[in-house]
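Subject: Structure for you to look at

Hello,

Here is the structure I said I would pass on. Please open it next to this message and follow along.

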Amino acid sequence: MTVDLDWENLGFNYRKLPFRYISYYKDGKWDEGQLTEDATLHISESSPALHYGQEAFEGLKAYRTKDGSIQLFRPDENAKRLQRTADRLLMPQVPVEKFVDACKKVVRANEEYVPPYGTGATLYLRPLLIGVGDIIGVHPADEYIFTIFAMPVGNYFKGGLAPTNFLIQDEYDRAAPHGTGAAKVGGNYAASMLPGKIAHDSNFSDVIYLDPATHTKIEEVGSANFFGITADNEFITPLSPSILPSITKFSLLYLAENRFGMKAIQGDVKIAELDKFVEAGACGTAAVITPIGGVQHGDDFHVFYSETEVGPVTRKLYDELTGIQFGDVEAPEGWIVKVD
Ligand code: PLP
Ligand code: COI
């Protein structure tokens with residue numbers, strides 16, 4: 001049973017659902033964790049998460065399949081990435097099993113908000129790990145909260161599989177060469193808000209950031225990774241220590257190579273060589289696969305495939321990925337976790 005919502009037009013918006021999961025870390029260990037109806041966090045005004053950004057988050061989705069069951073896509077990979085982010089910010093790791101179990105609990109408790117199959121909508125899960133407590137020096141916290149809330153979502157970028165334009169940003173970076181770009185920390189997103197506003201104000205969907213050291217190579221979109229397709233059937237995506245290691249991107253690298261016989265490459269994507277791409281896209285949990293119509297860089301506007309039509313390879317990858325996520329296409333081993 002589902003509640004009655006306008007599933008086709010959800011967008012990507014917060015909605016307060018009945019239940020969320022919360023667990024506390026004190027005296028060097030995690031408690032059992034539990035579901036709660038309280039959507040407000042009660043934390044010390046001096047919490048390091050608030051002052052110094054000692055916080056990490058994740059994003060993953062639950063999918064309703066044709067037979068009405070519900071499944072998660074590679075949640076263990078999100079758990080492992082959260083552990084790597086926690087290591088970077090000196091926060092305690094959340095065990096993979098605890099993470100995946102908590103995801104299942106939140107989905108089950110809010111089951112009627114998992115969108116019906118066929119609407120394209122999903123239940124987005126937002127795990128959050130924050131340093132809390134009475135500490136004001138620039139030190140890691142002694143106490144932590146791990147919480148997961150959920151909301152039904154549709155498209156992150158307007159139009160879903162419709163191509164959209166992006167602004168290549170020369171003036172601002174989202175991350176430093178040896179900073180926290182590869183970690184999913186709030187600070188990266190705070191840094192992206194001003195360049196994001198500049199892009200939105202000029203009708204671009206988001207920013208494409210360049211490598212912070214030389215500004216000659218594409219790094220990623222503010223909320224997704226970048227990929228390009230060449231006429232030689234190559235799937236190319238940037239390799240850099242300062243981009244977020246996207247689980248969607250790694251999944252597409254695998255599918256391009258193993259299901260479509262493409263050459264899957266992680267390497268440099270030089271802005272001087274964009275002509276070699278016949279298609280390009282942004283990929284991520286929220287973005288899914290969003291075709292990139294054109295990119296503005298200074299006075300130059302470069303169109304990859306078309307500003308209005310999705311390219312054939314992008315569509316093929318989209319159908320395979322979403323087919324797996326919604327249970328219509330056989331998944332590589334271990335990619336799907338059923339919520340029973
Ligand atoms: N890059 C950034 C900056 C992101 O915020 C996200 C979203 O999580 C991604 C890439 C895509 O990562 P994933 O495919 O794991 O969702
Ligand atoms: C996600 O795709 O899950 C993200 O975290 C992107 C976010 C900035 C909306």
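Below are notes on two ligands and two pairs of helices. Please keep in mind that this is a predicted model.

Ligand 1

There are 16 residues around ligand 1, and the closest are Tyr 189, Glu 220, Ser 246, Thr 248 and Thr 285. Which atoms of the ligand do these side chains approach? For Tyr 189, an N or O atom of the side chain is 2.5 Å from an oxygen atom of ligand 1. Thr 248 also places a polar side-chain atom 2.5 Å from an oxygen atom of this ligand. With Glu 220, the partner of the polar side-chain atom is a nitrogen atom of ligand 1, at 2.5 Å.

Ligand 2

The surroundings of ligand 2 include aromatic names you will recognise in the list, among them Phe 12, Phe 57, Tyr 124, Tyr 156 and Tyr 189. Arg 126, Lys 184, Gly 59, Ser 223, Thr 285 and Ala 286 are also around it. Tyr 189 and Thr 285 are thus worth finding on screen, since they are listed for ligand 2 and also among the closest residues to ligand 1.

Three polar contacts of ligand 2 can be checked one by one:

- Tyr 124: an N or O atom of its side chain is 2.6 Å from an oxygen atom of the ligand.
- Lys 184: a polar side-chain atom lies 2.7 Å from an oxygen atom of the ligand.
- Ala 286: here a polar backbone atom is 2.8 Å from an oxygen atom of the ligand.

Helices H5 and H6

Two packed helices are described by the angle between their axes and the distance between the axes. Helix H5 covers residues 247-258 and helix H6 covers residues 312-325; they pack at about 115°, with axes 11 Å apart. The two are therefore roughly perpendicular. Their crossing is right-handed. H5 contributes Thr 248, Ser 251, Leu 252, Leu 255 and Ala 256 to the contact, and H6 contributes Leu 317, Glu 320, Leu 321 and Ile 324. Sorted by class, six of these residues are nonpolar, two polar and one charged. Thr 248 appears in this contact and also beside ligand 1.

Helices H2 and H3

Helix H2 (residues 75-88) packs against helix H3 (residues 96-109) at about 130°, and their axes are 9 Å apart. That angle makes H2 oblique to H3. H2 passes H3 in a right-handed crossing. On the H3 side the contact is made by Val 96, Phe 99 and Val 100, and on the H2 side by Pro 75, Asp 76, Asn 78, Ala 79, Lys 80, Leu 82 and Gln 83. The classes here are six nonpolar, two polar and two charged residues.

Regards

How values were computed: Residues numbered from 1 in each chain as written. Chains lettered and ligands numbered in written order. Predicted model: local features only at pLDDT ≥ 70, side-chain atom pairs only at ≥ 80, totals over all residues. Heavy atoms only, no water. Axes fitted to C-alpha atoms, helices over the stretch in contact; angles between N-to-C directions. Helix = DSSP H or I, 4+ residues; strand = E, 2+ residues; numbered from the N terminus. Parallel < 35°, antiparallel > 145°, perpendicular 65-115°, else oblique. Left-handed = near helix turned anticlockwise from the far one by under 90°. Contact = heavy atoms within 4.5 Å. Nonpolar A, V, L, I, M, F, W, Y, C, P; charged D, E, K, R; others polar. Near = heavy atom within 4 Å. Polar contact = N/O pair within 3.5 Å; in protein donor to acceptor, adjacent residues only side chain to side chain.
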